[in-house]
Amino acid sequence: EAPQSVPDVSMIMCVLDEIDRIPQAIDEFDTSARGRTEQVEIIILDNGSIDGTRDWLSSINRPDIRIVLNDKNIGKGGSIKRGIAMSRGAYIVIHDPDLEYRADDIWRLLDAVRKEGASLGLGSRLLEGKASYKYFTNYLGVLFLRWVINALFGCRTTDPATAMKILNGQHARSITLDSDGFDLDFEIVTRTTRLGGNIIER
């Protein structure tokens, strides 16, 4: 059996009751990837959906998509950590399937990460004054946590909680992450900063 080639990009998507969004999210990503030369593996981890998502995922038969059906809800952070450990790509994309982010923006961020040799790229919803949040309370919370992180760790991030992240694969697989919940977003940023990694935003 011929050895599998190493993909350029591993995209991790964590889902929980996303039957109304995950098919469209995958379609949008496939459309955005047309014309790109990168080999991509998609890793989708389900955290115990009960709305038909698991059945739909189980019906997928594509060699570029790997499905993980967790026995129980291990948290968004827990699923991301599992996806990182499984990944083989030179770059790892963490992409939320809730359709808040455009799939086209993945490639713009990836190109910037490559060009600048960054350890971590963040798809900011706040750059150039363009705040884009579904809930105002989320916006206020991110502003506060951004201030704390930037003050404590010397970062200059505008949106550390963004659900669109691109990591250098070697960097991502070498760091120890502890968080199992949504706080993993912040831990990725702080761990990268403490290790001297280059963080960019687009």
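In this predicted model, strand 2 (residues 40-46) and strand 3 run parallel and are joined by five bridges. One spot along that pairing is easy to pick out: aspartate 46 sits opposite leucine 69 of strand 3. The pair belongs to an open sheet of seven strands, ordered 3-2-1-4-6-5-7 and mixed in its pairing. Strand 3 (65-69) and strand 7 (199-201) take the edges; each has a single partner strand, so one side of each goes without a neighbour in the sheet. Ignoring direction, neighbouring strands here are turned against each other by 20 degrees on average.

Moving along the sheet order, strand 4 turns up between strands 1 and 6. On one side, strand 1 (residues 9-15) runs parallel to strand 4, with four bridges joining the two. Methionine 11 is the residue opposite valine 93 of strand 4 in this pairing. On the other side, strand 6 (residues 164-168) runs antiparallel to strand 4, and five bridges hold that pairing in the count. Here isoleucine 92 has leucine 167 of strand 6 as its bridge partner.

Strand 4 itself (residues 91-95) is mostly covered, with five of its five residues buried. In a regular strand, side chains alternate between the two faces of the sheet. Strand 4 can be read in just those terms: Tyr91, Val93 and His95 point one way, while Ile92 and Ile94 point the other way, and all are buried. So the residue paired with methionine 11, valine 93, points the way that Tyr91 and His95 do, whereas isoleucine 92, the partner of leucine 167, points the other way.

Histidine 95, also in strand 4, deserves a closer look. Its relative accessibility is 5%, which is why histidine 95 counts as buried, the cut-off being under 20%. Once neighbours within four places in sequence are set aside, the contacts of histidine 95 are Met11, Ile12, Met13, Tyr101, Ile106, Ala163 and Met164. Met11, Ile12 and Met13 fall within strand 1 (residues 9-15), and Met164 falls within strand 6 (residues 164-168). Ile106, for its part, belongs to helix 4 (residues 104-116).

That helix also meets helix 1. Two packed helices are described by the angle between their axes and the distance between the axes. For helix 1 (residues 22-33) and helix 4, the angle is about 50 degrees and the axes are 8 Å apart. This makes helix 1 oblique to helix 4. Phe29, Ser32 and Ala33 make the contact from helix 1, and Asp104, Ile106 and Trp107 make it from helix 4. By type, these residues divide into four nonpolar, one polar and one charged. Ile106 thus appears twice, in this helix contact and among the contacts of histidine 95. Helix 1 has its own link to the sheet as well: it lies across strand 1, strand 2 and strand 3, and runs at about 165 degrees to strand 1.

As for the chain as a whole, its secondary structure comes to seven helices and seven strands. Read from the N terminus, the elements go β-α-β-α-β-α-β-α-β-α-β-α-α-β. Of the 202 residues, 48% count as buried. Among contacts between residues at least 6 apart in sequence, 76% join residues at least 24 apart. The chain exposes about 10300 Å², with 49% of that supplied by carbon and sulfur atoms.

Technical notes: Residues numbered from 1 in each chain as written. Predicted model: local features only at pLDDT ≥ 70, side-chain atom pairs only at ≥ 80, totals over all residues. Heavy atoms only, no water. Buried < 20%, exposed > 50% of the residue type's maximum accessible area, 1.4 Å probe, protein only. Pairing = 2+ DSSP bridges. Contact = heavy atoms within 4.5 Å. Areas by Shrake-Rupley, 256 points an atom, 1.4 Å probe, with all protein chains shown as cover. Axes fitted to C-alpha atoms, helices over the stretch in contact; angles between N-to-C directions. Parallel < 35°, antiparallel > 145°, perpendicular 65-115°, else oblique. Nonpolar A, V, L, I, M, F, W, Y, C, P; charged D, E, K, R; others polar.
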